[in-house]
Amino acid sequence: MPFINPMIRQRTFFLLVLFLAAGKAVAHAGQLNQLALDACKDKARSQACQYQGHHHDLYIGTCQNVTEEALICVRTKPIQTITPTDHEDGPSAAHSHGEKNTNH
């Protein structure tokens, strides 16, 4: 194995860590951040929280500090997929709005 200068190895390691950290920051950007922030309004640190994403995904976790004043819901369990109910998207949605449903 050829000798690698320790300074070069250290710089390479630093750049790799920096690259991975930047990727994580981009992965957590977007509208889900606002939902995660809203889920912890009026809650204390380490209190249970959950919020629903835009594609029927349920995020369950605990409120953690993002700044000294702000809390964000940090997922501690696997993302769950929520099945839309009939009242949201299904064929009986018309029935829930007071219209006669002929499927009964």
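Tutor: Let's pin down a word before we start: a residue is buried if its relative accessible area is under 20%, exposed if over 50%, and partly exposed in between (1.4 Å probe, protein chains only). You're looking at a predicted model, where local features need pLDDT of at least 70, side-chain atom pairs count only at pLDDT 80 or more, and totals for chains, interfaces and linings use all residues. Residues are numbered from 1 along each chain as its sequence is written, and side-chain values use heavy atoms, with hydrogens and water left out.

Student: Okay, why is Ala36 called buried?

Tutor: Its relative accessible area is 2%. That is under the cut-off, so Ala36 counts as buried.

Student: Which residues does Ala36 touch, leaving out those up to four places away in sequence?

Tutor: Tyr51, Ile72 and Cys73. Touching here means a contact, with heavy atoms within 4.5 Å. Ala36 itself is in helix H2, residues 31–38. Helices (H or I, at least four residues) and strands (E, at least two) are DSSP runs, numbered from the N terminus.

Student: What makes E1 and E2 a pair?

Tutor: Five bridges, running antiparallel, link E1 (residues 48–52) to E2 (residues 57–65). Pairing takes at least two bridges in DSSP, so these strands qualify. Ala48 is opposite Thr62 in E2. In their hairpin, which has four residues between the strands, His56 takes a positive phi near 60 degrees.

Student: How many bridges join E2 to E3?

Tutor: Five again, also antiparallel, with E3 covering residues 71–75. Thr62 turns up here too, with Val74 as its bridge partner in E3. E2 and E3 form a hairpin with five residues between them.

Student: And how do you know that E2 and E4 pair?

Tutor: They share two antiparallel bridges, E4 being residues 80–81. That meets the pairing minimum, so E2 and E4 count as a pair. Asp57 in E2 has Thr81 as its bridge partner in E4.

Student: Why does Asp57 have no salt bridge?

Tutor: A salt bridge needs a side-chain nitrogen of Lys or Arg within 4 Å of a carboxyl oxygen of Asp or Glu. For charge, Lys and Arg count as positive and Asp and Glu as negative, while His and the chain ends are not counted. The nearest side chain of opposite charge to Asp57 is Arg75, at 9.5 Å, so the test fails. Asp57 is buried all the same.

Student: How much of the chain is buried?

Tutor: Of its 104 residues, 18%.
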